[in-house]
Amino acid sequence: MQRFSTPHQKLIVFACALFFLVGIGAAEIDVSAVVQPRNIQFSEKATLELVLSGKTFIEHIDAPTFNFLPAFLAVPMRSSTTPRLEGDKIAVSKAWYYELIPQQIGDFALSDIRFSYQGTPYFANPGTVRVSGENTYRDVSTGGVHQVEAEVTPSNPYLNQAVTYTFRYLYTTVLPTRESPVSTLPDFSGFLVEELPAPLNETKRVRGQTFQVQAEVRRLYPQKAGRIVIEPASLRLPLDRGPKTLKTGAIALTVRPLPLFQSQQFSGAIGDYQITAQIDKTRVEVGNGLTLSVRISGLGNMQTVTAPQIPAIPGVTVSGPNPGAGSTPESHVYAYALVPSQVGTVRIPAIAYTYFAPELGTYQTTQTAPIPFTVLPKPSTVVEVASDGVAWGEWLILLGMPLLVIVLAVGGYLWYRRLASARAAVERHDVPPDQGALATLTEILESRADNATAFGNAIAQVLYQYLSETLGISLVGGSANPDAVREVCAKAGLSDATIQEVADILAQCDYYRFSPAPLPAAERQALISRAEKVIREIKNLQET
């Protein structure tokens, strides 16, 4: 056997032996780095476990070194040393535990962790960690994504303006649990709240993924100006290993005060409104009542809508308002009782309603069209006066009534002859309806008769006849009344202003029918001029 006698040879042998022993020691050292869980929310924490172990007794072990910033802040929790028996030797495992607090949202590949034992470095890699926001959960078992979101529009409303709050739950897969997720909305402090019907489920594409969407909607009305914060909404997911709660972010609104406006008509309504009015009858006897119904409808806070002010109506007592029939969540109806005290044609003036339009940033006023109605004398008036009068008054009535009847009959007959003559002339010369009607009106004016009853009957007959011939719908007998005219004209497409003017003229004719006093020439001229003008307007509309 050859011996290593020289110092150089002995040194080589010692180095080989040392390398062999170190290699054996290195092979007996194990290191590991494990993160649990690997999917967390930003508000959650993960645990990092680092272990160094060997099959021989280990001593003088240095703590591992690493740095996960800026993605995670690592906070030491504890360490432990665990001895164990390996064959006939005592081995030791050393473990360190850290709490990983996420500082960012995203997917992070963690860097290597360095262990050092007896001057020899060892490395372990903990892998990747996904950090989601508080609003997102990723289910490892199904690969599904669950999210929540909330939004408010508009974000800078005016005081008492309608604001829409929408909470959405988005998910790619259904949770494999029997229970359903449960949402909790904020209490909306500082708002009036209306719950709206939930919209139908829909789908939404987000970064290449298709989500099912369930939504809850509230309509809010801010009750104070300035900054208002809506607290986060939450959704509880009933997972088998324990529930998980998703949260939306808080939402801050800046509520603007209303511009200054000096008007008694504005009562605080914010939105977009319309006002309409109608009466339950167009003819009423003096002293009896009719009902005026006013409807305010539109988009806005109906809780702030108040009854409009009715302008003064001469000769009419107005009482109310009272709740009217037909109110809905989108409209309010107010009823007023009107009692006229004198005979004639009464016009209800336009009723105005002022509101603030947030989209325009200005105050707006909407109003109704004037509404006329006819007040008739009571049939018992003459009898009552006669019963309360003195003897000579009774004789005057008894003698005057036959004379009045004769005058009215003669006047009516003369008017009838003139109208018949005018119609015959129209038929003989094939005159268009408008020219025939205008010619008849001229004859009526030139007759200079001042009998109000006959005059009212004549003008009304001309208009009814002209409308029947022009619109192709009969307006005679029981159908010859202002209400029927309104309906026929509306179907024919006449403008509201024209329809209103025709109704006003016919209402004035009805008033003259019950007026036995002589009719001044100026009044006759004014009514005929109005009738001529409206006939020309209808003719122009028919031609266009």
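**Exercise 1.** In which strand does Val75 lie? Once you have that, work out how exposed Val75 is and what surface feature it helps make.

*Solution.* Bear in mind that this is a predicted model. Start with the location: Val75 lies in strand S4. Next, look at exposure. The relative accessible area of Val75 is 31%. Buried would mean under 20% and exposed over 50%, so Val75 counts as partly exposed. Patch residues need over 30% relative accessible area, and Val75 has 31%. Together with Leu69 and Leu73, Val75 makes a nonpolar surface patch of about 230 Å².

**Exercise 2.** Place S4 in its sheet and find which strands stand at the edges.

*Solution.* Go through the sheet strand by strand: the order is S1-S3-S5-S4, an open sheet of four strands with antiparallel pairing. Now check the ends. S1 (29–36) and S4 (72–86) are the edge strands; each has a single partner strand, so one side of each has no neighbour in the sheet. As for twist, the average is 15 degrees from one strand to the next. Then zoom in on S1: eight bridges join S1 to S3 (residues 46–54), and the two run antiparallel. To get your bearings in the register, find Ile29, which stands opposite Gly54 in S3.

**Exercise 3.** Describe the hairpin of S7 and S8, and pick out the residue there with a positive phi.

*Solution.* Begin with the pairing: S7 (residues 113–117) and S8 (residues 120–124) are antiparallel partners, with five bridges between them. Tyr117 stands opposite Thr120 in S8. That leaves the turn, where two residues sit between the strands. Gln118 is the one to pick, with a positive phi near 50 degrees.

**Exercise 4.** Check the lengths of helices H5 and H8 against what you'd expect at 1.5 Å a residue, then see what is buried.

*Solution.* Take H5 (residues 452–471) to begin with. From first C-alpha to last, its 20 residues reach 28 Å, close to the expected 28 Å. H8 (residues 521–543) has 23 residues, which should span 33 Å, and its end C-alpha atoms are indeed 33 Å apart.

Now for burial. In H5, 15 of the 20 residues are buried, so the helix is largely enclosed by the rest of the structure. Just after H5 comes Gly472, with a positive phi of about 75 degrees. In H8, the buried residues include Arg524, Leu527, Ile528, Ala531, Glu532, Val534, Ile535 and Ile538. To read that list, recall the helix geometry: with 3.6 residues a turn, residues three or four places apart in an α-helix point the same way. Try tracing the buried positions along H8 with that in mind.

Technical notes:
Residues are numbered from 1 along each chain as its sequence is written. This is a predicted model: local features need pLDDT of at least 70, side-chain atom pairs count only at pLDDT 80 or more; totals for chains, interfaces and linings use all residues. Side-chain values use heavy atoms; hydrogens and water are left out. The expected span of a helix is 1.5 Å times one less than its number of residues. Buried means under 20% relative accessible area, exposed over 50%, partly exposed in between (1.4 Å probe, protein chains only). Two strands pair if DSSP finds at least two bridges between them. Axes are lines fitted to C-alpha atoms, for helices over the stretch in contact, and angles run from 0 to 180 degrees between N-to-C directions. Patches are made of residues with over 30% relative accessible area and no salt bridge: like charges are joined within 9 Å, nonpolar side chains (Val, Leu, Ile, Met, Phe, Trp, Tyr) within 5 Å. Accessible areas come from the Shrake-Rupley method with a 1.4 Å probe; for residues, only the protein chains shown count as cover. A salt bridge is a side-chain nitrogen of Lys or Arg within 4 Å of a carboxyl oxygen of Asp or Glu.
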